[in-house]
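Here is a short set of exercises to work through with the structure open beside you. Try each task before reading its solution.

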Amino acid sequence: MIVDYVKDERAGVGHLAVTLARSGQGRCICDVATPGTPAGPRHQTLHPGALLRDGGAARRPTGAQRGDRHRKLAFGFGSDGKPCVAGAKSTHRTDGIMRLITKSATHIPQQNGVSTRGRALPARLYREPEVVELELERIFERTWQFAAHISRLPEPGSYLTATAGRQPVLVLRDHDGQLRAFRNVCRHRGSRLLAGEGDCGKAIRCRYHGWTYRLDGELIGVPEARSIPDLDKSALGLFPARVEELAGLVFVNLDIHARPLAEQVPGLEERLAEYGVADLVPHRSLDGTQPANWKIVADNYLEGYHVPIAHPGLMRLYDYKAYTVELHDGYAWFDAPLRDKPSGNLMERAYQRLVSPMPGLPEEYTRIWRYIYIYPNTAIDLYPDQVWVWKLDSDGPKGTRDTAMLYRHPSASVRTRLAQYFNRKVNALVGEEDVDLVANVQAGLESRGWEPGPLSGREAAVGWFADKIRADLGDGAHA
Ligand code: FES
Ligand SMILES: [Fe+2]
């Protein structure tokens, strides 16, 4: 085994490149310690490319060094700590993550403390009803759940309702302008307090018996209070939840002791900010179901290994060899650079010709599609022309509820809007293809005696996700 680090002075920048050599057993092994930088018949309503992300990525050459017994597998970080992406001049800073050029099936065992050699999950975790309950309790109610775009909470008194798993949550902006979140339940007899979204004014009044709460959650009004013995209003405030905004996206967490989201996804806020996500406006929403366990849908989003076989359209668009995936503690980032060669498909070619970056987006991002997955169940599709945010929820052991919102720039040109249309058309087909794939996986996992097979290098994020699921389920993953 040979592992070495090569200083590459391309373009006057000290790029750290990692080269590996195959071991005698034909298996690549490399302990990377590099310094920082870096959706079945979906019941007819499935949307476009959404749920099924297949990455692609950096256009910069992966640098197979022909004639050299070393084969370059990964590259990507300038001495300034910034990744060298897809012919794109990145301006963000990442947190010491090594970009994997998954052209090779080689595994790199660890990046920044994140294993890239995770094992897939056993079949029982994808099909048994008791696992669903366990996941609700140990995953969905303890992790950061996407609630809404910040534009839905414009001023004091604005509120919206969301869920964390099956738990109802209320998010509002208080009179100081701060975001707050609570369990959406009255402390009296358990009525849901608010529904939908809107303006709750100066206080929240339960529609059942009129108990009233200030926007900070304190109980301030109880009709006929004297008739209630031992009433202690100070102990009957709303149950608080955590809330955070990440680049214009609002997340909630029912675990009030949870690690801050920003800590779990270091660098992500800045990267999303490049796309001006906070300033985009909602354009349309989708609410669908898929006939497969939510983790099967997630797995499918998390790898591009199936693209050459299952998505001919994407293969015409992607520079597949340059597909990359970065694994971070709390998120995975996929880059899918697009080819310059015109597609033979009319719709795809129209997109290629029309696509232009949203106002404010660097020109070099025009030819790259990006996919981000925030553990456990938020997916973000970053296109040059529009952005999708997806939330996957468990819909029983063999079903997924997926809700998505499409955002776009309010002043996008007519040309860009046309590109958006063709983008949605192209990805709608990808979505249908993916729904069929996940449905087939669900069916196959019924097979008695099946054990997970080994993962390819392109499936590093599937292993990453599986490891996190196992860690969160604890003993429940093995029972
Ligand atoms: S349930 Fe809310 S006031 Fe009675
Ligand atoms: Fe796919």
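**Exercise 1. A helix and its partner**

In which hand of crossing does α4 pass α8? Work out also how the two helices are inclined to each other, and which residues meet.

*Solution.* Keep in mind throughout that this is a predicted model.

Step 1. Locate the pair: α4 covers residues 294-301, and α8 covers residues 414-444.

Step 2. Look at the axes. Those of α4 and α8 come within 10 Å and cross at roughly 130 degrees.

Step 3. Classify the angle. Values of 65 to 115 degrees count as roughly perpendicular and those over 145 as roughly antiparallel, with the rest that are not under 35 taken as oblique. The helices α4 and α8 are therefore oblique to each other.

Step 4. Read off the hand: α4 passes α8 in a right-handed crossing.

Step 5. List the contacts. From α4, the residues I296, V297 and N300 take part, and they meet D434, L437, V438, V441 and Q442 of α8.

**Exercise 2. The surroundings of α4**

Decide how far α4 is enclosed, and describe the residue P291 in the loop that leads to this helix.

*Solution.*

Step 1. Go through the helix residue by residue. W294, K295, I296, V297, A298, D299, N300 and Y301 are buried.

Step 2. Draw the conclusion: since 8 of the 8 residues are buried, α4 is largely enclosed by the rest of the structure.

Step 3. Turn to P291, which sits in the loop between β17 (281-290) and α4. It takes 20 or more other C-beta atoms within 10 Å to make a residue buried. P291 has 21, so it is buried.

Step 4. Check what lies across from it. P291 and G396 are 105 residues apart in sequence, yet their C-alpha atoms are 9.9 Å apart in space.

**Exercise 3. A second helix against α8**

Describe how helix α7 (residues 346-354) packs against α8.

*Solution.*

Step 1. The axes of α7 and α8 come within 9 Å, and they cross at roughly 145 degrees.

Step 2. The crossing of α7 past α8 is left-handed.

Step 3. On the α7 side the contacting residues are M347, E348, A350, Y351 and L354. Their partners in α8 are R415, L418, A419, F422, N423, K425 and V426.

**Exercise 4. Q420 and S411**

Which of the words buried and exposed fits Q420, and which fits S411?

*Solution.*

Step 1. Place them. Q420 is part of helix α8, while S411 belongs to the loop between β23 and α8.

Step 2. Count neighbours. Q420 has 23 C-beta neighbours inside 10 Å and so counts as buried. S411 has 10 other C-beta atoms within 10 Å, so this residue is exposed.

Step 3. Find what Q420 touches: leaving out residues up to four places away in sequence, the contacts are D385, Q386 and R408. From C-alpha to C-alpha, Q420 and R408 are 8.9 Å apart, with their positions 12 residues apart in sequence numbering.

Step 4. Do likewise for S411. Its C-alpha is 7.6 Å from that of P359, a residue 52 places away in sequence.

**Exercise 5. The nonpolar core**

Which residues touch the most other members of the largest nonpolar core?

*Solution.*

Step 1. The core has 107 residues, and V171, V252, A332 and V387 touch the most other members.

Step 2. Ask where the members come from. At least three residues are drawn from each of domain 1 (29-60 + 78-100 + 111-119 + 269-477) and domain 2 (144-257).

Step 3. Take V252 as a case. Among its contacts beyond four places in sequence are A162, A164, V169, V171 and A181.

Step 4. Set this in context: in soluble globular proteins, nonpolar side chains tend to be buried together.

**Exercise 6. Backbone details**

Where is the cis peptide bond that involves P376, and what phi values do D230 and A247 have?

*Solution.*

Step 1. The bond from Y375 to P376 is cis, with omega near 5 degrees. P376 lies in the loop between β20 (368-374) and β21 (378-382).

Step 2. D230 is not a glycine, yet its phi is positive, at about 55 degrees. Having 4 other C-beta atoms within 10 Å, D230 is exposed.

Step 3. A247, also a residue other than glycine, has a positive phi near 50 degrees. A247 is partly exposed, with 18 other C-beta atoms within 10 Å, and is placed in the loop between β15 and β16 (249-253).

Note on methods. Residues numbered from 1 in each chain as written. Chains lettered and ligands numbered in written order. Predicted model: local features only at pLDDT ≥ 70, side-chain atom pairs only at ≥ 80, totals over all residues. Core = buried A, V, L, I, M, F, W, Y, C linked by C-beta atoms within 7 Å. Buried ≥ 20, exposed ≤ 12 C-beta atoms within 10 Å, placed from the backbone. Domains from an automatic or database assignment. Contact = placed C-beta atoms within 7 Å. Helix = DSSP H or I, 4+ residues; strand = E, 2+ residues; numbered from the N terminus. Axes fitted to C-alpha atoms, helices over the stretch in contact; angles between N-to-C directions. Left-handed = near helix turned anticlockwise from the far one by under 90°.
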